[in-house]
Amino acid sequence: MAYKTIQVKTEGRVGVITLDRPEALNALCDALTGELADALAKFESDDGIGCVVLTGSKKAFAAGADIKELQGRDFIGLYLNDPFEKTWESVARFRKPIIAAVSGYALGGGCEIAMMCDFIIASTTAKFGQPEINLGVMPGSGGTQRLPRAVGKAKAMDLCLTGRQMTAEEAERAGLVSRIVAVDELMDVAMEAAESIASKSLPIAMMTKEAINRSFEIGLTEGVRWERRVFQSQFTTEDQTEGMEAFAEKRAAHFKHK
Ligand code: CAA
């Protein structure tokens, strides 16, 4: 499939998807979300990929859902056949580790897609917000659910009710962002993190991701019990044997299921 709204490349074991609709600040039109879902499905089934970086341009990660497309929608049409519902969650459902590298605007659906990733590395120019209220709607792709989990109720209410934008610094203080770097270093830092993740055992990295995501769904006692069972099961893997042998032998581990 030749993509028109995203660029896709592979560097070693890292897949890179760049949102590429500069004329609309990477607004998430149906074509873009469809292509994003398609690219992610391909990376998911590619054994050679151990981590994905999702990024945009310097000016915009994504300025939200495409308002010009949304404008023509009605309730019944959306309810019966919501194109977003089919494709947007493709990021949240992606099973391998995925990093959002964010410069410039990450607004509305842009902020929501970044939050679907496992963590966000932001440049100093990044701006996050849920401005949907200014359009007479509320966030519709997880903003009212993932944002309070990331930054707490007070800031989530503030952002969603006023529609204001938050700087990278405020986002890092609030826990939405894992690191802030200079804009020209963003991709280098994101790629370094992704390469590090992709050099580990892929199934163990995927189980780690699954366990952390599960902590948002279930209570602590059940979560800790489940974590222990998965930890125990990892002693059936060759990668556990290799990782611990390599430590004892003072050498780098070579994971079979990288
Ligand atoms: N949808 C469609 N087009 C968009 C867009 C969007 N979300 N955001 C920007 N664009 C387009 C503009 O219409 C403009 O196109 P034209 O040149 O053809 O007019 C182009 O991108 C450049 O934008 P601006 O001229 O507005 O650029 P700016 O630097 O002056 O402002 C901005 C940047 C503050 C991000 C401003 O573009 C803006 O406010 N965009 C909308 C942000 C927004 O409301 N996002 C939420 C969308 S709804 C949503 O996401 C719902 C959901 O949860 C599922």
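This briefing covers the confidence of the model, the surroundings of the ligand and the two sheets. The structure is a predicted model, and the protein in it averages a pLDDT of 96, with 100% of the residues scoring at least 70. For the model, the scores are ipTM 0.98 and pTM 0.97. The ligand has 23 residues around it, and the strands described below belong either to an open sheet of six strands or to an open sheet of four.

**Residues around the ligand**

- Among the 23 residues that surround the ligand, those that come nearest are A65, I67, G109, E112 and E132.
- By residue class, the shell around the ligand is made up of twelve nonpolar, five polar and six charged residues.
- Three elements, namely α2 (67–70), β6 (105–107) and α6 (109–116), each contribute at least two residues to this shell.

**Polar contacts and burial of the ligand**

- The side chain of K59 places an N or O atom 3.2 Å from an oxygen atom of the ligand.
- Backbone atoms also take part: a polar backbone atom of A63 is 2.9 Å from a nitrogen atom of the ligand, and a backbone N or O atom of A65 lies 2.9 Å from a nitrogen atom of the ligand.
- The ligand taken alone exposes 990 Å², and 65% of that area is buried by the protein.

**The six-stranded sheet**

- This open sheet has mixed pairing, and its six strands follow the order β1-β2-β3-β5-β7-β10.
- Its edge strands are β1 (6–11) and β10 (179–181), each of which pairs on one side only.
- From one strand to the next in this sheet, the twist averages 20°.
- Within the sheet, strand β5 (residues 98–102) and strand β7 (residues 119–123) run parallel and are joined by four bridges, and the bridge partner of V102 in β7 is A122.

**The four-stranded sheet**

- The other open sheet, also described as mixed in its pairing, arranges its four strands in the order β4-β6-β8-β9.
- Because β4 (60–62) and β9 (165–167) stand at the edges with a single partner strand each, one side of each is left without a neighbour in the sheet.
- The twist in this sheet averages 20° from one strand to the next.
- Strand β6 pairs with strand β8 (residues 127–129) in the parallel sense over three bridges, and A106 has F128 as its bridge partner in β8.
- Strand β6 therefore links two parts of this description, since β6 (105–107) supplies at least two residues of the shell around the ligand and also has a place in the order β4-β6-β8-β9 of a sheet whose edge strands, β4 and β9, each have a single partner strand.

Terms used. Residues numbered from 1 in each chain as written. Predicted model: local features only at pLDDT ≥ 70, side-chain atom pairs only at ≥ 80, totals over all residues. Heavy atoms only, no water. Near = heavy atom within 4 Å. Polar contact = N/O pair within 3.5 Å; in protein donor to acceptor, adjacent residues only side chain to side chain. Areas by Shrake-Rupley, 256 points an atom, 1.4 Å probe, with all protein chains shown as cover. Nonpolar A, V, L, I, M, F, W, Y, C, P; charged D, E, K, R; others polar. Pairing = 2+ DSSP bridges. Axes fitted to C-alpha atoms, helices over the stretch in contact; angles between N-to-C directions. pLDDT = per-residue confidence, 0-100.
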